[in-house]
Amino acid sequence: MKISAREIFPIVLGLADGTCTALVLASQKMMSGGIDVWQAFRIGIITSASGFLPLWVAEYAGLRNDLVHMAKQLNMRSARNLQKSQLGLQTLRDSWYMASIATASSFMGAAVPLSVAVLFPRWIFLPLATANIVLLGVGLTLGQWVQGARWKWALGLMGIGDLLAALGYKVGLS
């Protein structure tokens, strides 16, 4: 299965969001070694589900806006005819598809450090190290994708993840 350039954004967004949200929600439990499978699963579900609606709305609005621009380029009075056409239906399908990819990626991003916390409860820093590895990979991928400084992207995401883990530990949400 080949990943298209358009699919990279929701995958990267989902992985980073899932990992960071899991760190915020569960860092205190992970650091105490007291997270169980059911709790990890619930955090993973909440992490992934909370991102679906905002991403779907943003993606759908962006695609609908593209239809408005198309209508203007075609000198149409209104984009309504395009929005009611097969193109309009395709924007709806595409936005659901992209939001679904991001949601699945978000679950995977949360599942990695949470699974490590469940499997190795006594190694309290291992989930954070694992989350950093995920964010490192996301940062390197993003840096390459945008032809930027790959290591700056990677270290920046890792720093944000560590900051969010510290914040989650301090606030103690779980």
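**View A. Who sits around Ala-110 in this predicted model.** Leaving out residues up to four places away in sequence, Ala-110 touches Gly-18, Thr-19, Ala-22, Gly-44 and Thr-47. Ala-22 turns up again in the next view, as does Ala-110 itself.

**View B. The largest nonpolar core, 12 residues in all.** Here's the full cast: Ala-22, Leu-23, Ala-26, Met-30, Ile-35, Ala-40, Ile-43, Ala-110, Leu-114, Ala-117, Ala-131 and Ala-165. Helix 1 (5-32), helix 2 (37-73) and helix 4 (86-119) are the elements that each put in two or more residues. Helix 1 chips in the most, with 4. There's also a second, separate core of 10 residues, and its members include Val-12, Cys-20, Leu-142 and Leu-157.

**View C. Helix 1 and its kink.** Helix 1 runs for 28 residues and covers 40 Å from first C-alpha to last, close to the 40 Å expected at 1.5 Å a residue. Even so, helix 1 has a kink of about 70°, centred on Ala-26. Ala-26 is also one of the residues in the largest nonpolar core. Just past the end of helix 1, look for Gly-33, which takes a positive phi of about 75°.

**View D. Ser-48, a buried polar side chain in helix 2.** Ser-48 counts as buried because its relative accessible area is 6%, and the cut-off is under 20%. A polar atom of the Ser-48 side chain lies 3.1 Å from the backbone oxygen of Ile-45. Setting aside residues up to four places away in sequence, Ser-48 touches Thr-103, Ser-106 and Phe-107.

Methods
Residues numbered from 1 in each chain as written. Predicted model: local features only at pLDDT ≥ 70, side-chain atom pairs only at ≥ 80, totals over all residues. Heavy atoms only, no water. Core = buried A, V, L, I, M, F, W, Y, C linked by side-chain atoms within 4.5 Å. Buried < 20%, exposed > 50% of the residue type's maximum accessible area, 1.4 Å probe, protein only. Contact = heavy atoms within 4.5 Å. Polar contact = N/O pair within 3.5 Å; in protein donor to acceptor, adjacent residues only side chain to side chain. Expected span 1.5 Å × (residues − 1). Bend = angle between axes of the 7 residues up to and from the residue.
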